Amino acid sequence: MRTLRRLARASIVFTAALALGRGAPAMAQPTTTPPPEAVANNWLRLGLERYEHGNLIGAIEAFEQGYAVEPRPEFLFALGQAHRRRGDCDRADRYFGEFLATGPSAGQADAARAQLARCEPAPPPPPPPRPVAIVAAPPPALVVGPAAPRRDRVAWIAGGAGVALAATGATLVWLAHARAADADAATTYDRHHTLAARARSFELGGAIALSAAALAGGVVAWRVARGPSERPAPLRVTLAAHGYGLAVRGAF
């Protein structure tokens with residue numbers, strides 16, 4: 001009798017446990033939500049990547065999502081830049097105005113006003129260039145005349161240095177314009193300031209190189225203007241045929 005009672009109790013407990021196991025909902029696992037600052041940074045990073053690849057609409061969407069999570073001034077500056085690049089000056093004016101309303105530093109405010117002043121609709125693409133007929137020049141005629149004068153080494157060295165300095169100066173000027181354009185297209189003030197400083201450095205280096213190239217050109221012109229007759233004869237050292245004499249001819 002006691003055994004039957006024990007078996008009945010065990011069956012009731014097992015049945016109740018099975019029913020509870022089937023009917024009880026599973027306990028939800030705790031989830032961690034990232035802080036708003038991290039989410040906003042992810043949206044800002046995504047917007048900058050799209051902006052760099054020319055996807056301005058996608059960049060605007062990412063900047064708007066990040067600003068909705070955490071309204072920071074850098075989102076307003078980035079939105080103003082993206083709309084300026086698209087030629088939407090009304091929205092660019094709106095976002096740059098909101099950025100200025102946040103009370104940025106004087107340099108940041110000047111950068112925002114400068115970018116807003118550059119806003120204009122994109123010009124139409126230029127027409128394709130006309131084909132240019134290339135006519136082969138006739139070979140130069142062979143002219144027999146007096147022997148060419150001796151080469152002036154100073155003029156040749158100055159000419160080579162002038163060409164190298166002119167090429168270097170032109171490259172630095174081109175880099176200065178490229179960095180200035182990148183600074184105008186920057187979405188953050190720090191990047192705008194860095195690229196503008198690089199542009200000024202390249203511009204200064206290009207000016208120095210071009211000035212040195214002009215100086216080298218002046219040396220070449222001066223040497224050529226002197227003419228071959230005014231150039232000193234090279235130093236010649238000749239041993240005498242007999243004895244131990246040493247003959248020295250020419251100008252030093």
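Trainee: How much area does the protein expose, and what share of it do carbon and sulfur atoms supply?

Mentor: In this predicted model, the protein exposes about 18700 Å². Carbon and sulfur atoms supply 63% of that area.

Trainee: What share of the residues counts as buried?

Mentor: Of the 252 residues, 21% count as buried.

Trainee: Which elements make up the secondary structure, and in what order do they run?

Mentor: There are 8 helices and 2 strands. Starting at the N terminus, the order is α-α-α-α-α-α-α-α-β-β.

Trainee: How do you know where the predictor is confident?

Mentor: Let's go by pLDDT. The mean for the protein is 76, and 68% of the residues reach 70 or more. Among the elements, helix H3 (residues 56-69) has the highest mean, 94, and H1 the lowest, 41. Over residues 1-28 the pLDDT stays under 50, and the model has 0 contacts there beyond four places in sequence. Residues 237-248 also have a pLDDT below 50, but that stretch has 11 contacts beyond near neighbours in sequence.

Trainee: And what share of the contacts joins residues 24 or more positions apart?

Mentor: Such pairs account for 56% of the contacts with a separation of 6 or more.

Trainee: What makes Cys 89 and Cys 119 a disulfide?

Mentor: Their sulfur atoms are 2.3 Å apart, and the cut-off is 2.5 Å, so the pair qualifies as a disulfide. A search of the whole structure finds 1 disulfide.

Trainee: Why is the disulfide called left-handed?

Mentor: Look at the torsion about the S-S bond: it is about -105°, so the disulfide of Cys 89 and Cys 119 is left-handed. As for location, Cys 89 lies in helix H5 (residues 89-101), while Cys 119 is in the loop between helix H6 (106-117) and helix H7 (153-184), so the pair ties together parts 30 residues apart in sequence.

Trainee: Are the two cysteines buried or partly exposed, and how do you know?

Mentor: The limit for buried is under 20% relative accessible area. Cys 119 has 13%, so Cys 119 counts as buried. Cys 89 has 24%, which is not under 20% and not over 50%, so Cys 89 counts as partly exposed.

Trainee: Good. What makes Glu 74 and Arg 72 a salt bridge?

Mentor: In general, side chains of opposite charge can pair when their charged atoms come close. Here the closest N and O atoms of Glu 74 and Arg 72 are 2.6 Å apart. The cut-off is 4 Å, so the pair counts as a salt bridge. Arg 72 is buried at 14% relative accessible area, whereas Glu 74 is partly exposed at 30%.

Trainee: Where do Glu 98 and Arg 94 lie, and how do you know that they form a salt bridge?

Mentor: Both are in helix H5, 4 residues apart, about one turn of the helix. Their N to O distance is 3.5 Å, which is within 4 Å, so Glu 98 and Arg 94 meet the criterion. Glu 98 is partly exposed at 30%, and Arg 94 is partly exposed at 47%.

Trainee: Why does the pair of Arg 179 and Asp 182 count as a salt bridge?

Mentor: Their closest N and O atoms are 3.8 Å apart, which is within 4 Å, so the pair is a salt bridge. Arg 179 and Asp 182 both lie in helix H7, 3 residues apart, about one turn of the helix. Arg 179 is partly exposed at 24%, and Asp 182 is partly exposed at 35%. Elsewhere, salt bridges with shared partners join Glu 70, Arg 72 and Glu 74 into one network. The whole structure has 7 salt bridges.

Trainee: Why is Gln 81 called buried?

Mentor: Gln 81 has a relative accessible area of 0%, which is under 20%, so Gln 81 is buried. Gln 81 is in helix H4 (residues 73-86). Leaving out residues up to four places away in sequence, Gln 81 touches Tyr 51, Phe 96, Gln 115, Asp 184, Ala 185, Ala 186 and Thr 187.

Trainee: Last one: why is Pro 35 called partly exposed?

Mentor: Its relative accessible area is 47%, which lies between 20% and 50%, so Pro 35 is partly exposed. Pro 35 is in the loop between helix H1 (2-23) and helix H2 (36-52). The C-alpha atoms of Pro 35 and Val 69 are separated by 9.9 Å, with the two residues 34 apart along the chain.

Note on methods. Residues are numbered from 1 along each chain as its sequence is written. This is a predicted model: local features need pLDDT of at least 70, side-chain atom pairs count only at pLDDT 80 or more; totals for chains, interfaces and linings use all residues. Side-chain values use heavy atoms; hydrogens and water are left out. Buried means under 20% relative accessible area, exposed over 50%, partly exposed in between (1.4 Å probe, protein chains only). pLDDT is the predictor's confidence in each residue, from 0 to 100. Contact means heavy atoms within 4.5 Å. Accessible areas come from the Shrake-Rupley method with a 1.4 Å probe; for residues, only the protein chains shown count as cover. A salt bridge is a side-chain nitrogen of Lys or Arg within 4 Å of a carboxyl oxygen of Asp or Glu.
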